[in-house]
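Got your viewer open? Here is a short walk through one model, stop by stop, with something to select each time.

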Amino acid sequence: ERLKNYKKKVVVCFLKGNEAECKKRGLPFAATLEDCAKLAICVLNNQEFKGCGYDVPETELKKYIELIKKQAKNKYIRGLYSGGTLCDEALYLFTKAGFEIYSNIPLDPKLKLKDSYKSYKHTLVDLGEDEFTKGRPHPMIDYTLRCQRMEEEAADKDTGILLIDIVTGYGSHINPLEPLVDSIQKINQKNSEIVIVASICGTEWDPQNIKELSKKLKELNVIIMPTNAQAARLIIDALK
């Protein structure tokens, strides 16, 4: 209510927020972090926001979609996130697309996992929740728990897709390739049909060197998408 008459330009990005309430007040609403960034630029430049597409070449996109269709159709998505924000964003996108997603931070209380350490059907888990961080570093810093869980999920014959986020910058693992390469190699050896989709949340100025990180993961057959939202939408477009 206070923002609708505010003199400064405003973009609202409440993950899981109510778009209708913003529209009633004439406020631009962004459903994802990516939408928010691009919408803010449009608002600043008095341009129309036409939504977010994919920031990967069309040929690459088609190849990814065909791979997911071929290897993950009728199987489950298992998302393992290092924090709640990106997990929430993915939950919102999958739910909006009609997927029923179980989680330790579900949008619908009926879809709360009975045991956060065990996935059920389509599952997205926030490994940054207190239940996973007591007595250990946050999963952005320590990949041990997530790598173990990745290997467990890949061993489940019903798992078709592993969806992960990699957060770089200060306060994150200085070399995420070290734990990830070892774990992904083990997964590929045991289950050549699993599809691993990842997004890197960071910038080229981060100490982890995201270009090299992306290149090495692609060599391990990991699909790297520019944002978490695009990673989720890719899976949705392939499986819907």
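What follows is a tour of a predicted model, starting with the sheet and ending in the loops.

**Stop 1: the sheet**

Switch to cartoon view and colour the strands. Six of them form an open sheet, in the order E2-E3-E1-E4-E5-E6, and the pairing is parallel. Which strands stand at the edges? They are E2 and strand E6 (223-225), and each has a single partner strand, so one side of each is left without a neighbour in the sheet.

**Stop 2: strand E3 and its two partners**

Now select residues 123-126, which is strand E3. Show the side chains: Thr123 and Val125 point one way, while Leu124 and Asp126 point the other way. Buried or exposed? All of these residues are buried.

Next, add strand E1, residues 76-81, which pairs with E3 in the parallel sense over four bridges. To see the register, pick out arginine 78, standing opposite threonine 123 in E3, and then glycine 79, standing opposite leucine 124 in E3.

Then bring in strand E2, residues 102-103, which runs parallel to E3 and is joined to it by two bridges. Here tyrosine 102 is the residue opposite threonine 123 in E3. So that you can place threonine 123, remember that it also has arginine 78 standing opposite, as you saw in E1.

**Stop 3: threonine 159**

Select threonine 159, which sits in strand E4, residues 159-167. How much of it can be reached from outside? The relative accessible area of threonine 159 is 2%, and with the cut-off for buried at under 20%, threonine 159 is therefore buried.

What does the side chain of threonine 159 make a polar contact with? Turn on the side chain of arginine 78 and you will find the pair at 3.2 Å. Expand the selection and, leaving aside neighbours within four places in sequence, threonine 159 is in contact with Lys75, Tyr76, Arg78, Glu153 and Ile194.

While you are here, show helix H6, residues 144-155. H6 lies across E1, E3 and E4, and runs at about 165 degrees to E4.

**Stop 4: a pair of helices**

Move on to helix H7 (residues 177-190) and helix H8 (residues 210-219). Their axes are 11 Å apart and the helices pack at an angle of about 5 degrees. Angles under 35 degrees count as roughly parallel, and H7 and H8 are therefore roughly parallel to each other.

Show the side chains where they meet: Leu177, Leu180 and Ile184 come from H7, and Glu212, Leu213, Lys216 and Leu217 come from H8. By class, this contact has five nonpolar residues, two charged ones and no polar ones.

**Stop 5: out in the loops**

Finish with three residues outside the helices and strands.

- Lysine 157 is in the loop between H6 and E4. At 67% relative accessibility, lysine 157 counts as exposed. Draw a distance from its C-alpha atom to that of glutamate 193, 36 residues apart along the chain: the separation is 9.9 Å.
- Asparagine 46 is in the loop between helix H2 (33-44) and helix H3 (58-72). Its phi is positive, about 55 degrees, although asparagine 46 is not a glycine. Asparagine 46 is exposed, with a relative accessible area of 66%.
- Lysine 16 is in the segment before helix H1 (19-24). Lysine 16 has a phi near 70 degrees, again a positive value in a residue other than glycine. At 44% relative accessibility, lysine 16 counts as partly exposed.

Notes: Residues numbered from 1 in each chain as written. Predicted model: local features only at pLDDT ≥ 70, side-chain atom pairs only at ≥ 80, totals over all residues. Heavy atoms only, no water. Buried < 20%, exposed > 50% of the residue type's maximum accessible area, 1.4 Å probe, protein only. Polar contact = N/O pair within 3.5 Å; in protein donor to acceptor, adjacent residues only side chain to side chain. Contact = heavy atoms within 4.5 Å. Axes fitted to C-alpha atoms, helices over the stretch in contact; angles between N-to-C directions. Parallel < 35°, antiparallel > 145°, perpendicular 65-115°, else oblique. Nonpolar A, V, L, I, M, F, W, Y, C, P; charged D, E, K, R; others polar. Pairing = 2+ DSSP bridges.
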